[in-house]
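The following exchange examines how certain labels are justified in a predicted model. Each answer sets a computed value against its criterion.

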Amino acid sequence: MLGGAGILLGVAAVPAQAAEVSYLTECIPPAISGLPPVEGTTRADITAPAEAKVGDEVTITWKFVQAASKNPDILDLEKDTVMPTGTLKAGGAQTADIAMEGPRQNPAIPKNSDMKLSDMTGRLKLTTAGEVTLTPDAYNINVSKPISTDTKCAPKEPVTSAATIKVTEGGGTSGGTTGGEPTATQTPPTGSPTPSESETGGDTGGDTGGSDAGGSTGGGGQSDFTGKEVSIPYECKTPIGDKSAVSPVQINAKKSGGSYDLTVQFKGSVMDSPADIPADSVKPSMEVTLGGSDTGSVHVEGPTNSEPIKTGDPMEISDLTGTYKPGATGESTLSPGVLTVEALGTTTTCTPSKTEVSLTLDTTEQAGGASGGGSSTTTTGSGGTSSGSGGLAETGAEGHSALKALGLVAGTVILLGGAVFTFMPGRRLR
C-alpha cells in the first residue's frame, strides 16, 4: 500500500479535484531477489486543479491507494529507505510526460506486508486551452538499503484518465512541462548581496520543454555560490549489465579571479562495502554540463581511496572538484552530466536520461574558456587534467555528500544483481 495524503496546487485558485483509477500492472523485482515478475492491481489517486489558465504552472499529486505487489518475504525494509518515482501522461489539449517523484520517507515495512510510500508530485505548465487529461503510467520503487534495488512496474492494459484540468485562455507565458519536486529559492551566504535568481521546475534534455535555473546567480561582490540539490535519473552501463538509478546532486562554486572552483556533491544514504576494496582502486569523475550563455562541459573528479576499504566499512570519497573558466559573458548554467567510476580495471558509466540546472552564474568570458568547445578540460583538485565521459549514481535522502556507485570488488566484479555501492564523500577516506 503506497500511502500518505496531500494536495499541492499550482497557481490556479480553484478547488482541487481528486480521482482514483485502477489498472492491471506487472512489476519486475530486482534480479538479486530471484523472484519472478508479479502481476497485480494498481490503484492511483490523482489530485489536480479542476480549472486553470494558459501560462499557469500546476502541481499534481499521485497517491498510491494500492500497489501492485507487497514487500516480498525476504527482508524487512528500514524506515526512510524507499522512494517512488513515476510518469504521469498528460493528454487531450496538451500532451506531455510529467515526471513524478516522492521523498524517501516511509515507516519500517515488515516482510510480506503492504508497501508504504510517500505521495509523488510533479508539475505541468499549461500551454493550450482545452481539457487536459492526466493518466498514471509506469512507476519505480527504489530501496536504498541494504543495497540499492529497483522494482519497475508498468501497466499491462490501457489506463483510464484519472483527472481532467479545464484550461482557459489567460495572460501567462507559454512553456513546457516540469517534473519532480517543487524547487526552492536559494539563500546566498550571510553578508553577500542577494543575487537575481529564477527557478522554474523544468528540466533540460528530457521529454519536457521547460527550463530550470538553479542555485545562486553570480555577480557583484559575491564569491561563494550554493547550488540547489536536484534529483538526476541515470542510465548506467556496468560490466555485467544495465542499471537505472536516481541521484540527488548539488553543484557549488567559489569565484577565483575570472574562473570558478567547482565542488560537486552527491547526497544519499550509506551502504557498507560487501567486500574488501584495495587502496587506490576507486576513481570517480563527472562532466558538468554547461548551458545558457556558455557551452561545453567541465571535468571534475575526486581522488582515489588512499586506504583499503574492508568488508562492512562505508565506501567514502571526497567531493568531486574542478575549475570552470567561462567561455561566454552572460547567464551560464551548470547541470550534472555524465558520471564515471573506474575501479579494479573496470569502468561504470552513467548518462542522465534528463538533467536539471543546479547552479546559475553571471559569467564574464575568459580567454581559452569553455564556450564553443565540446568540453572544458580543467585542472582538478587532484592535480590532473581530463575531459573524458562516463559516470554513475544512486538515490538517497540523508547524510552528507554521497555517490552511490555501481561497483567492482576485489579481483572479480560483483554487482550483487545490480547492487549500487554507496560512496560517501567526506574529509578523508575510511
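Q: What makes Leu35, Ile74 and Leu75 a nonpolar surface patch?
A: In this predicted model, these residues form a patch of about 220 Å². Membership requires over 30% relative accessible area and no salt bridge, with nonpolar side chains joined within 5 Å. Leu35 has 36% relative accessibility and Leu75 has 32%, so both values satisfy the area criterion of over 30%.

Q: Why is Leu35 called partly exposed?
A: The class lies between the buried limit, under 20%, and the exposed limit, over 50%. Leu35 has a relative accessibility of 36%, and therefore counts as partly exposed.

Q: Why is Leu75 called partly exposed?
A: Its relative accessible area is 32%. Because this value is neither under 20% nor over 50%, Leu75 is placed in the intermediate class.

Q: Where in the chain do Leu35 and Leu75 lie?
A: Leu35 belongs to the loop that links strand 1 (16-28) and strand 2 (38-49). Leu75 is found in the loop between strand 4 (57-66) and strand 5 (82-92).

Q: Which residues does Leu35 touch, not counting residues up to four places away in sequence?
A: Leu35 touches Pro29, Pro72 and Ile74. The C-alpha atoms of Leu35 and Pro72 are 8.8 Å apart, although 37 residues separate the two in sequence.

Q: How many helices and strands does the chain contain?
A: The chain has zero helices and 26 strands. Of its 430 residues, 50% are buried.

Definitions and conventions: Residues are numbered from 1 along each chain as its sequence is written. This is a predicted model: local features need pLDDT of at least 70, side-chain atom pairs count only at pLDDT 80 or more; totals for chains, interfaces and linings use all residues. Side-chain values use heavy atoms; hydrogens and water are left out. Helices (H or I, at least four residues) and strands (E, at least two) are DSSP runs, numbered from the N terminus. Buried means under 20% relative accessible area, exposed over 50%, partly exposed in between (1.4 Å probe, protein chains only). Contact means heavy atoms within 4.5 Å. Patches are made of residues with over 30% relative accessible area and no salt bridge: like charges are joined within 9 Å, nonpolar side chains (Val, Leu, Ile, Met, Phe, Trp, Tyr) within 5 Å. Accessible areas come from the Shrake-Rupley method with a 1.4 Å probe; for residues, only the protein chains shown count as cover. A salt bridge is a side-chain nitrogen of Lys or Arg within 4 Å of a carboxyl oxygen of Asp or Glu.
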